[in-house]
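Please look over the sequence and the structure shown below before reading on. The briefing that follows covers the sheet and the helix packing in turn.

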Amino acid sequence: MIARVAVWEPMPADDRGWVLDAAAAVPGVHGAFHLVDPATGNGLSVAFFEDEAAAQAAHKAIEKRAEEIGWNEAGAQHPAPVSQAIYQVVRHV
């Protein structure tokens, strides 16, 4: 199992629930969460995947949903995470 962690400074305030929904529909995705520090507004996007293939499939599902809803329409500017990393999960329930 692997985890992808993206750091946001600040976490976008717009509705990003569609990202979680798109990822959750992919086999091999064990969970996805957006976490926000209420004091700073910074946050983390954390997702757990069975393997790299599941992570790639989730990325493609998110891209497809973004296209369907017009997320990347001409001129649309959206913040990006300041960093992201992949971790091997060594303990889980």
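How many bridges join strand 2 to strand 3? In this predicted model, strand 2 and strand 3 (residues 43-49) run antiparallel and are joined by seven bridges.

**The sheet**

- The sheet is an open one, formed by four strands that follow the order 2-3-1-4, and the pairing within it is antiparallel.
- Its edge strands, each of which pairs on one side only, are strand 2 (29-36) and strand 4 (83-88).
- From one strand to the next, the twist averages 15°.
- Within the pairing of strand 2 with strand 3, Phe 33 has Val 46 of strand 3 as its bridge partner.
- Helix 2 packs on this sheet, where it touches strand 1 (2-8), strand 2 and strand 3, and the direction of helix 2 makes about 125° with that of strand 3.

**The helix pair**

- Helix 1 (residues 17-24) packs against helix 2 (residues 52-69) at an angle of about 135°, and the axes of the two helices lie 8 Å apart.
- Because an angle between 115 and 145 degrees falls outside the parallel, perpendicular and antiparallel ranges, helix 1 is oblique to helix 2.
- The crossing in which helix 1 passes helix 2 is right-handed.
- On the side of helix 1, the contact is made by Trp 18, Val 19, Ala 22 and Ala 23, while helix 2 contributes Ala 58, Ala 61, Ile 62, Arg 65, Ala 66 and Ile 69.
- By class, the residues of this contact between helix 1 and helix 2 divide into nine nonpolar, no polar and one charged.

Terms used: Residues numbered from 1 in each chain as written. Predicted model: local features only at pLDDT ≥ 70, side-chain atom pairs only at ≥ 80, totals over all residues. Heavy atoms only, no water. Axes fitted to C-alpha atoms, helices over the stretch in contact; angles between N-to-C directions. Parallel < 35°, antiparallel > 145°, perpendicular 65-115°, else oblique. Left-handed = near helix turned anticlockwise from the far one by under 90°. Contact = heavy atoms within 4.5 Å. Nonpolar A, V, L, I, M, F, W, Y, C, P; charged D, E, K, R; others polar. Pairing = 2+ DSSP bridges.
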